[in-house]
Amino acid sequence: MDIESDLLRTIRWPQEDNRIPREIFTNPDLFRLEMDAVFTGPVWVLVGHEAEVPTPGDYKTTSVGTIPAIVVRGTDGVVRVLVNACAHRGTRLVEGPSGNVGRGGFRCIYHMWTYDTAGRLTAVSLPEDFPADFRQEDYGIPHARVETYRGTIFATFSDATPPLRDYLAELTEGIDRVLGDGALRFLGSIKVVFHTNWKLYVENIYDGYHVTALHTGFQVVRLRSHGGDRLVPNYERNGHLWSRSRSTPVDHLRPVLRDMSLFEVRTKPTTDHTMMVVFPSGVVTDYFDTIQLRYVVPLDLDRTLIEFAFFGRQSDPPEVLLHRNRQGPAVLGPAGAITLEDAAALERVQRSAVARGENVVLKGTPRRFPPYRHVDEAPIRHFYQAYRRLLGFAIPSDGAADASGPR
Amino acid sequence: MPAGPADGAGRRQAALDLLARYVRVVDDPRRIEEWPDLFAEEATYLVVTRENHERGLPIAVVRDDTRDRIRDRVVIVREFWGAGGRTEDRHYNEAWPRHIVGPAWVDLKESDEAHLGANFMVWGSGAIDGQMRVLAVGEYRDVVVFPDGAARFKAKIVILDHPVLQDVFVYPL
């Protein structure tokens, strides 16, 4: 505890809430602290959608922060999140991204301990000469608390985390809009390593300022997003983002591509986009006709795995599914026409963060509270307020942007 | 009798030459405009992870399933990711790609198509930090046709062995 508070003191966070010390992207001790204080703290981490594990025994592997986890639908139909480590000697139980565990349950290769899909230890090899007080029921796999909303699966390792609906607060309304009744069909995911700190990836989504500057494609086709806003619902508490915008051609869409279906909206009455961050690391969006969840997994100080998971609705006719399959990764994926640039920009921020100093947030900051305009970067402040609260950094008061200089 | 190299040995060599030309084009960022010419009028360029491929999941990293989409990729590389051609403003196109392609095998089909396979690895060098980075490892499972005497890809199927991409990539794999 003393080491932690020493660390928090050595990182000099300015009084102004729009200045971010670059050291938080380069300090390895802080990274370890974050994995505890944030990812096993009182937050709900988005780990998947029920459509990814539709039948009993289906599982996928992921991480909650840096804790390896198995998201599994039990033989009883209940989705659970188990730590991917044997209770005996810590061996990883499941390798590979996904599968079905079948009737045998999870069997550890090391000493053949076997668990059912609820994580209960069901068999131990050669238990003779174990201590007399050994009881199988004492050796289940640790698991997270799990709650779902519209099929989205959230995990938490903290008893202090409020119920999911309370945590999501107003965000439930946005999730309702994107996911409807939650009856989705999993189309597949694409996973890519961004060579940047996890916070830089997440704060980028709060930033409406970079969208037209960095994502040149919008300019090339003359697609302007307008009329939207960037909300930080319940910003005093949890720092989620709910961004709404509408894309409309400036005059008409410049047909620079022979196939303009990348930018078409066929499944919605309007071109309203929703882009949400469930603090700290989940993304929910419907951009054009692309329904997407993103799971942000910190690998290391300067490497972050982003899983882009794509969905259709169960009611989609085949031609709509095909449209979604053609549009999704072509726009919002690592090879997407308006996504790839983020990786390039964020890697550059990360690589120069060693220069120390502070990153500055300006656009929209004269507005002290949400809602902001969709082109503002000011919501980034609320992400870091929530972050600082969890870490125990001092929180500047709201509207401190005009406070006197560093002290 | 279809046009093109009539005998099997001629087609085999034409398919191998097409692969060599492909590698020369995709490894030279100055030649990306030549890339669509390597495809037939009805053609597909698909990049998919082995995970999704074997699970039968339709999401591909790249799904250019028409010649139009293949030609659009040049526009995306040059205009979208190239700041409207102002390359001095955009430097992430400068990760010089380098394909290392293993021995290729050709399987001539009765249908006047040839199946072409090869293992590959792609490195990117010098992007931001001057280092090199492995961008992709996998195999090609291509279909080659011979319209008008010249070999062209009817399908360029790129299967990535790794479920996690280690970086984004700009130029075709």
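Helices, as H or I runs of at least four residues, and strands, as E runs of at least two, are taken from DSSP and numbered from the N terminus. On that numbering, A:Phe288 lies in the loop between strand 16 and strand 17 (290-300) of chain A. The model described here is predicted, and the account begins with chain A as a whole before turning to its loops, to chain B and to the contact between the two chains.

Chain A contains 10 helices and 20 strands. Its radius of gyration is 22 Å, close to the 22 Å given by the globule rule for 407 residues, so chain A is as compact as a globular protein of that length. Taken along the principal axes, the box filled by its C-alpha atoms is roughly 75 × 60 × 35 Å. Of the 407 residues of chain A, 49% count as buried. The fold also brings together parts of the chain that are separated in sequence: among contacts between residues at least 6 apart, 64% join residues at least 24 apart.

The interior can be approached through its largest nonpolar core, which has 154 residues; A:Val47 and A:Val71 touch the most other members. Which residues does A:Val47 contact, leaving aside its neighbours within four places in sequence? They are A:Thr62, A:Val64, A:Ala69, A:Val71, A:Val81, A:Ile153, A:Phe154, A:Ala155 and A:Tyr295. A:Val71 is thus itself among the contacts of A:Val47.

Helix 9 of chain A, residues 340-352, offers a check on helix geometry. At 1.5 Å a residue, its 13 residues should span 18 Å, and its end C-alpha atoms are 19 Å apart, which agrees. The buried residues of this helix are A:Leu340, A:Glu341, A:Asp342, A:Ala343, A:Ala344, A:Glu347 and A:Gln350. An α-helix has 3.6 residues a turn, so residues three or four places apart point the same way. The cover over the buried residues of helix 9 includes strand 12, helix 5 (198-206) and helix 6 (210-214) of chain A.

A small part of the strand architecture of chain A is an open sheet of three strands in the order 7-8-9, with antiparallel pairing. Strand 7 (106-107) and strand 9 (121-123) stand at the edges, each with a single partner strand, so one side of each is left without a neighbour in the sheet. Strand 8 (residues 114-115) is joined to strand 9 by two bridges, and A:Thr114 has A:Ala123 as its bridge partner in strand 9.

Several loops of chain A have notable backbone geometry. The peptide bond from A:Phe279 to A:Pro280 is cis, with omega near 5°, and A:Pro280 is found in the loop between strand 15 (272-278) and strand 16 (282-287). A second cis peptide bond joins A:Pro370 and A:Pro371, with omega about 5°; A:Pro371 lies in the loop between strand 19 (358-360) and strand 20 (372-373). A:Phe288, introduced at the outset, has a phi near 50°, a positive value in a residue other than glycine. Is A:Phe288 buried or exposed? With 23 C-beta neighbours inside 10 Å, A:Phe288 counts as buried, because the cut-off for a buried residue is 20 or more.

In chain B, strand 5 (residues 114-125) and strand 6 (residues 132-145) pair in the antiparallel sense over 12 bridges, one of which links B:Val122 to B:Ala136. Strand 6 also pairs with strand 7 (residues 152-160), again antiparallel, over six bridges, and B:Val144 has B:Phe153 as its bridge partner. Strands 6 and 7 form a hairpin with six residues between them. In its turn, B:Asp148 has a positive phi of about 55°, and with 9 C-beta neighbours inside 10 Å this residue counts as exposed.

Finally, the two chains meet: 31 residues of chain B are in contact with 33 residues of chain A. Helix 2 (50-55), strand 2 (62-64), helix 3 (67-80) and strand 8 (164-165) of chain B each supply at least two residues of the side that touches chain A. Helix 3 of chain B gives the most, with eight residues. By class, this side of chain B has 17 nonpolar, four polar and 10 charged residues. Strand pairing also crosses between the chains, for two bridges join strand 12 (residues 184-194) of chain A to strand 8 of chain B, which run parallel. In that pairing, the bridge partner of A:Val192 is B:Leu165.

Technical notes. Residues are numbered from 1 along each chain as its sequence is written. Chains are lettered from A and ligands numbered from 1 in the order in which they are written. This is a predicted model: local features need pLDDT of at least 70, side-chain atom pairs count only at pLDDT 80 or more; totals for chains, interfaces and linings use all residues. Two strands pair if DSSP finds at least two bridges between them. Two residues are in contact if their C-beta atoms, placed from the backbone, lie within 7 Å. Ala, Val, Leu, Ile, Met, Phe, Trp, Tyr, Cys and Pro count as nonpolar, Asp, Glu, Lys and Arg as charged, and the others, Gly among them, as polar. The expected span of a helix is 1.5 Å times one less than its number of residues. A residue is buried if 20 or more other C-beta atoms lie within 10 Å of its own, exposed if 12 or fewer, and partly exposed in between; C-beta atoms are placed from the backbone. The radius of gyration is taken over C-alpha atoms; the globule rule is 2.2 Å times the number of residues to the power 0.38. A nonpolar core is a set of buried Ala, Val, Leu, Ile, Met, Phe, Trp, Tyr and Cys residues joined through C-beta atoms within 7 Å.
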